[in-house]
Amino acid sequence: MNLGNLDSLTFFYPELILLGGILLVVISDISLKGLRDRVNPLLTLAALLLALFYTLQTDHGSAMTLFEGMLALDNFALFFKAFMLVAGVLVLLGSLHSEELAAVHQGEFHALLLAVTLGMLLMANSAHLVMLYLSLELVSLTSYIMVGYLRSDRLSNEASMKYILFGAVSTGAMLYGFSLLYGMTGSLDLFAIRDALLAQEVVGFNQVTLMLVVVLTTAGFGFKTAAVPFHFWCPDVYTGAPTPVTAFLSVAPKAAGFAILVRFFLGGLSQPAGEQWGFISGIDWPLVLIVVSVLTMSLGNIAALTQNNLKRMLAYSSIAHAGYILMGAVLLTGTGLKAMLVYLFVYLFMNLGAFFVVTVIFNSEKTFELQDYNGMFRRSPFLAVAMSIFLLSLIGIPPFAGFLGKLYIFGAVIDQGLYWFAVVGALNAAVAAFYYMRIMKHMILENDDRPPTPLQISPLNRALLVLLLVPNILLIVFWSPIDRWTANSITLFGGL
Amino acid sequence: MTLQFANVLVFLGVGALFIFVNLLIASLIRPSKYSEEKLIPYECGENPVGSPWIKFNIRFYVFALIFIIFDVEVAFLLPWAVVFKELGWIAFIEGLIFIAILVVGLAYVWAKGDLQWVRPEERYE
């Protein structure tokens, strides 16, 4: 079913709520002089939670498109929309007691957070190349501002500038890829493009051109997901941005990038066949993405080994994780896609958790350097244990949630008989263990001469840390709801 | 098919030639007599004072952005106005919502003191 503009609105409540939230935050920011710092976070939280509620209420099961084929409504989008909104809520809560953001006025920050979430919801849904591009730009433009939010901080400004330049070039490359695709198939609708490619009725059908399309569009998606060789912005931007923003960028827009990557390649450039997809002959995009995936995880992990700045190290670690997540997308199987979703889900909690500990430590210590983490265990055992759990989860050590993600991903890869690919992934996980353990070593084993003064953690931050720890510890026991939910979420809308 | 795109190639080539051939011919036939006046940059007939490489006030940029709000508004309202009679009340309400969103943007700029050339200091955050 292809819904028209007005009929679509009933399925569009989450986005409309976010839009209303943005406007309300801006209005309250300029009209409530004394109250705004209290009202704005509450408004933002209310908008995100209400949007989450309506997202879960909306029926995503029936195959239909909204707004004359611009957006696709399917369980795959439902998963990502819920994911983005949960990430938005967690990042909002994490930013409330952050010293970095406390120094500047936060009214715009909340409006931007809602705007970037709105963009990501649209990204997860888009089934049309124009919609895909516009929502990607909405996310990018707001991220640029959020990265440069600390106006008086030179690093933040530099990060924002680098991000804009890289973003402009890679989205430009992506648009060129889209234009080639449009030139060959005469359509911007993903499913019409696929049908034209399948019927081989493309004008000037040419393997080289199609491969060029794959490479160029990968540049755009690779920029959003920080995959090698489009990752150069990532370490500098993550270091310069305020830590809550870094935490947000490392999870939510990355997931949105994967959502459009899957929708573009599996939905647009593949042949659907039940739970499987076959690639259309002449477009060997899985090969391109396998190379990108191997490069991404290897470079991310190796570069992280020598970092002494926590934010930089976690930046490279998040590049490496993008490589693992990509493994699930190239397999063209339902299990692969499901593994990818499971990995993203656990990655949300472990990565936000690790960045949140960094935020909390910066609040009192004003440092991101690894040697300043020495003796953290004696100063705040809770924080050190929490960080260790997040790091062990990122490594993929069994009792924690990260193991579940790695298990599903490697399982799906071996299932397809790509043993060498699984071996590369496992070797990378072993390399990664070194630098994660290094942080733990500094926090727990190494002590400095200073007397261990207890570290102050605000009650809200403590509560949020517990909230992030719970899924990391319990998911391994209660994994069946996640298993069922992700198994349900791999149904991609495949056209009418 | 390929021949259609050959037109583009030819167009590119002719375009490049058009520039360079004309410049070449001009440099061959023009008299070359330099004087002091000819070497200064043309600035609407005025003699330029100082270097043009100065920092512009960032407020020009802010004003350009505010201008864009109204520019986009017109760009979207023009097609809306053309089909307005056929669409009726729904289009009218949609148009009002669109304008209201832009008004919020204008109100924001106004409240932040960005409509004044010298921004009031107490509002500076």
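1. A place to start in this predicted model is A:I280, which counts as partly exposed because it has 17 C-beta neighbours inside 10 Å, whereas 20 or more would be needed for a residue to be buried. The residue A:I280 sits in the loop of chain A that runs between β4 (276-279) and α13 (285-304).

2. The surroundings of A:I280 bring in residues from elsewhere in the sequence: once its neighbours within four places are left aside, A:I280 is in contact with A:L197, A:L198, A:L269, A:S270 and A:Q271. A:R194 may also be looked at here, since 86 residues separate A:R194 from A:I280 in sequence, while their C-alpha atoms are 8.8 Å apart in space.

3. Helix α8 of chain A covers residues 154-185, and its 32 residues reach 46 Å from the first C-alpha to the last, close to the 46 Å expected at 1.5 Å a residue. Just after α8(A), the residue A:G186 takes a positive phi of about 70 degrees.

4. Which residues of α8(A) are buried? Among them are A:S156, A:A159, A:Y163, A:G167, A:M174, A:F178 and A:L181, and the list also includes A:M184 and A:T185. The cover over the buried residues of α8(A) includes four helices of chain A, namely α7 (129-147), α9 (190-198), α10 (207-225) and α11 (233-240).

5. The largest nonpolar core has 177 residues, and those with the most contacts inside this core are A:M84, A:A256, A:Y343 and A:L344. Helix α15 of chain A (residues 334-365) gives the largest share of the core, with 21 residues. In soluble globular proteins, nonpolar side chains tend to be buried together.

6. For A:M84, the contacts can be named one by one: not counting residues up to four places away in sequence, A:M84 touches A:T117, A:M120, A:L121 and A:A124, and also A:A252, A:A255 and A:A256.

7. Chain B has 5 helices and 0 strands, and along the sequence its pattern reads α-α-α-α-α. The radius of gyration of chain B is 26 Å, well over the 14 Å that the globule rule gives for 125 residues, so chain B is more spread out than a compact globule. Along its principal axes, the C-alpha trace of chain B spans about 65 × 55 × 25 Å, and 0% of the 125 residues of chain B count as buried.

8. How is chain B divided into domains? Domain 1 takes in residues 2-39 and domain 2 takes in residues 58-123, and the C-alpha centres of domain 1 and domain 2 of chain B lie 43 Å apart.

Notes. Residues are numbered from 1 along each chain as its sequence is written. Chains are lettered from A and ligands numbered from 1 in the order in which they are written. This is a predicted model: local features need pLDDT of at least 70, side-chain atom pairs count only at pLDDT 80 or more; totals for chains, interfaces and linings use all residues. Helices (H or I, at least four residues) and strands (E, at least two) are DSSP runs, numbered from the N terminus. The radius of gyration is taken over C-alpha atoms; the globule rule is 2.2 Å times the number of residues to the power 0.38. A residue is buried if 20 or more other C-beta atoms lie within 10 Å of its own, exposed if 12 or fewer, and partly exposed in between; C-beta atoms are placed from the backbone. Domain bounds come from an automatic or database domain assignment. Two residues are in contact if their C-beta atoms, placed from the backbone, lie within 7 Å. The expected span of a helix is 1.5 Å times one less than its number of residues. A nonpolar core is a set of buried Ala, Val, Leu, Ile, Met, Phe, Trp, Tyr and Cys residues joined through C-beta atoms within 7 Å.
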